[in-house]
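Q: I'd like a close look at one loop in this model, down to single residues. Once that's clear, please work outward to the rest of the chain.

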Amino acid sequence: MTATIPVTILAGSLGAGKTTLLNHLLQNAGDRDLAVLINDMGEVNVDAELVAEGSDLDVDDGIAELSNGCLCCELQDDLETAVVRLARNREFDHLIVESSGISEPAPVARLFTTTSRVAARYEVDSIITVLDTRLFIDTFGGEAVPERETDPAAESDRPLSDLLIEQVEVADVVLCNKADRCTPAELAEATALVEALQPDVRTIQTEFSAADPDQLLGVDLFDPAQLDERESLDRVAAAADDGQYQHQDHNQGNDHHHQHRHPNDVYGVDSFVYRSRRPFHAERFAAFLRTLPESVVRSKGTVWVATTDMQLTLSQAGPSSRLTATGPWIADLPDLERDLYRSNRPELEWDDEVGDRQTELVFIGTEFDDGGETEDTSTDDNGCERETAGLEQRLRARLAECLVTDAEWDQQTDGQKTQFPDEPGGEAVFRTNPS
Ligand SMILES: Nc1nc2c(ncn2[C@@H]2O[C@H](COP(=O)(O)OP(=O)(O)OP(=O)(O)O)[C@@H](O)[C@H]2O)c(=O)[nH]1
C-alpha cells in the first residue's frame with residue numbers, strides 16, 4: 001500500500017496573508033518537497049503567478065491553479081483532476097492548498113476525506129487559518145466571544161465577518177498575522193477571542209506570516225470527527241430554520257451527502273478584471289488608491305504606471321495598497337535580451353505596439369452590482385447619458401480617467417520622481433484616507 005500524502009489547507013480572509021505564508025513555506029521548506037494548489041477567486045490567478053515567480057516551482061509542475069470559481073463547488077472535478085495530475089508530474093511529500101479568501105475551509109477539507117480518488121492518496125494534516133489580526137480586532141474587539149450576525153444556514157446576505165468566525169472555528173492552527181499593525185494588548189485580545197471560538201486551536205503571532213514551518217507542516221492536528229460534528233450541528237440548525245438548505249452538492253454518488261452554498265452568493269462577494277494597454281498617470285492613480293471605496297475588499301495584479309519602466313504588482317487589502325516593483329518590462333530590455341526572453345516564453349502575451357506592458361487587475365468586493373439602486377450616469381458610445389448600476393461601472397470609469405491622455409502619453413515622463421517604486425524590489429504603500 002502506498003503511503004498517503006499529507007495536505008495542509010490554508011484558509012483566511014481576503015488579503016490576510018495566505019500567499020505570503022505559502023511563499024514563506026516554499027522558501028523555508030528544508031528537506032520537504034512541497035507541491036501547491038492555488039484557488040483564486042478572480043478570472044486571473046494572480047497568486048499562482050506570484051508564487052511561481054518567487055519559487056522553483058512552475059504552474060503545472062509543482063503548482064496547480066484553479067481560477068474563477070469556488071474550490072468547494074463547481075471546481076470539485078477540476079480539483080480531483082489537478083491533484084491527480086500533480087502527483088503524476090512530480091514526486092512530492094506534502095501538498096499545500098490555498099483556498100480563496102471567501103472559501104469555507106470545511107468543505108475543502110471534506111473533498112480530501114470523501115472524494116474517493118483523492119481520499120485514497122491524501123490525508124489532511126491540518127487546517128491553518130491566517131488571520132488579518134487588525135481586521136479581526138476592528139471587527140470583534142471588545143466582545144467576549146465573537147458573535148455571528150446571521151445563522152450559519154442563511155442562504156444569502158451574510159456579512160464577511162461571519163465567514164471570519166467560521167474560518168477560525170474549523171482551524172487547527174491560527175496565525176494571528178499582521179501583528180505589526182496591532183498593539184501587544186490587541187494581540188493578546190485577538191488570541192483570547194480566537195481561543196473563545198476554538199478552544200483546541202494552536203495560535204501563533206506573526207508578521208508577514210513568518211512562522212516556523214515545523215510548527216505548521218507534518219503536525220497531524222486535523223480531526224475529521226470534529227468536522228462531522230460541526231456539519232451535523234449546522235444541518236440541525238438548517239432543518240430548524242425551515243429546511244430550505246440551499247443547492248445540493250454536485251458530488252452525487254458519494255456516501256457523504258454534502259450540502260453546500262456558493263460562498264460568493266452567500267456573502268455577496270463578486271469580482272471583475274480590469275485590463276488596459278495604456279499606462280496610468282502616476283498622480284491620478286495614486287489618488288484613486290487613496291480614495292478606494294470600502295466595499296473593495298481586495299485588489300491585486302499587474303500595473304503599468306507611465307513614469308516608471310518597472311512592472312509593478314499591486315496588492316490591496318482593506319485600507320492598505322502595496323505596490324512592488326518586480327523588474328523591468330520585457331519590452332524595455334535591450335533587443336537581444338528581450339528576444340531571448342520571448343523565445344523562451346512563447347506564452348508571454350505580446351502587443352505589437354507596447355509589448356508586455358499592461359495593467360491587469362482583479363477587483364474583489366461587495367456591492368459591485370447594486371441592482372441599479374445607486375443613481376449614477378455615464379455616457380454611452382452615442383454620447384447619450386444613461387443610468388448605470390453598481391460599483392463595478394463606477395470603478396471602471398474612474399480607472400479610465402486615471403489613464404494618460406494622448407498628449408500626456410507623448411510627453412517624456414520616464415525617470416520623473418513619483419511615489420511609485422522605480423528600482424527592482426522597491427515598494428510603496430498607499431492608505432485610503434477616510435473621507
Ligand atoms: N503590514 C503587514 N502586511 C502584510 C502582512 N502579511 C501580509 N501582508 C500584506 O498583505 C497583502 C495581502 O497578502 P497576501 O499574502 O497576498 O494575502 P492572501 O491572503 O493570499 O490574499 P487572497 O489570496 O487575495 O485572499 C500583501 O500586500 C502583503 O504584503 C503583515 O504581517 N503585515
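A: Start with Asp-220, which counts as exposed because it has 11 C-beta neighbours inside 10 Å, and the cut-off for exposed is 12 or fewer. Keep in mind that this is a predicted model. Asp-220 sits in the loop between β8 and α9. Its backbone is worth a look too: phi is positive, about 50 degrees, even though the residue is not a glycine. For background, most residues other than glycine have a negative phi.

Ser-209 does something similar with its backbone: here phi is about 55 degrees, again positive and again without being a glycine. Ser-209 also belongs to the loop between β8 (202–205) and α9 (224–240). So is Ser-209 buried or exposed? It counts as buried, because it has 24 C-beta neighbours inside 10 Å, and 20 or more is what it takes. That loop therefore holds a buried residue, Ser-209, as well as an exposed one, Asp-220.

Another loop residue to try this on is Thr-183, found between β7 and α8. Thr-183 is exposed, since 10 other C-beta atoms lie within 10 Å. Along the chain, 49 residues separate Thr-183 from Arg-134, and their C-alpha atoms are 9.5 Å apart. For a residue in a helix, go to Thr-81, which is part of α3 (residues 76–89). With 15 other C-beta atoms within 10 Å, Thr-81 comes out as partly exposed. Its C-alpha atom is 22 Å from that of Leu-22, with the two residues 59 places apart in the chain.

Now for helices with a lot of buried residues. Helix α7 (residues 160–169) is mostly covered, with 8 of its 10 residues buried. Those buried residues include Leu-160, Leu-163, Leu-164 and Ile-165, and also the charged Glu-166 and Glu-169. What do they pack against? The partners are β1 (5–12), α4 (105–114), β6, α6 (133–140), β7 (173–177) and α8 (184–197). One of those partners, α4, is mostly covered as well: 8 of its 10 residues are buried. Among them are Pro-105, Pro-107, Arg-110 and Phe-112.

Helix α11 (residues 282–290) gives you a clear side to look at. Its buried residues are Ala-282, Phe-285, Ala-286 and Leu-289. They span an arc of only 105 degrees around the axis, so they fall on the same side of α11. The spacing fits the general rule: an α-helix has 3.6 residues a turn, so residues three or four places apart point the same way. The buried residues of α11 pack against β12 (320–328), α13 (390–402) and β16 (427–431).

Next, the nonpolar interior. The largest nonpolar core has 95 residues, and the ones with the most contacts inside it are Ile-9, Leu-10, Val-36, Val-83 and Val-305. Strand β6 (residues 122–132) supplies the largest share of this core, 6 residues. Domain 1 (5–266) and domain 2 (270–431) both contribute residues, so this core lies between them. If you want one core residue to click on, pick Leu-10: leaving out residues up to four places away in sequence, it touches Lys-18, Leu-21, Leu-22, Ile-96, Val-97, Glu-98, Ser-99, Ile-128 and Val-130.

Lys-18 takes you on to the ligand. There are 22 residues around the ligand, and the closest are Lys-18, Thr-19, Thr-20, Gly-101 and Ser-315. Elements giving two or more residues to this shell are α1 (18–27), β10 (296–303) and β11 (310–317). The largest share, 3 residues, comes from α1. By type, the shell splits into 4 nonpolar, 9 polar and 9 charged residues. Why does the ligand lie between the two domains? Because domain 1 and domain 2 both give residues to the shell around it.

Zooming right out, the chain has 14 helices and 16 strands, and 38% of its 435 residues are buried. Of the contacts between residues at least 6 apart in sequence, 74% join residues at least 24 apart.

Definitions and conventions. Residues are numbered from 1 along each chain as its sequence is written. This is a predicted model: local features need pLDDT of at least 70, side-chain atom pairs count only at pLDDT 80 or more; totals for chains, interfaces and linings use all residues. A residue is near a molecule or strand if its C-beta atom, placed from the backbone, lies within 6 Å of it. Helices (H or I, at least four residues) and strands (E, at least two) are DSSP runs, numbered from the N terminus. Domain bounds come from an automatic or database domain assignment. A nonpolar core is a set of buried Ala, Val, Leu, Ile, Met, Phe, Trp, Tyr and Cys residues joined through C-beta atoms within 7 Å. Two residues are in contact if their C-beta atoms, placed from the backbone, lie within 7 Å. The arc is that of the directions from the helix axis to the C-beta atoms.
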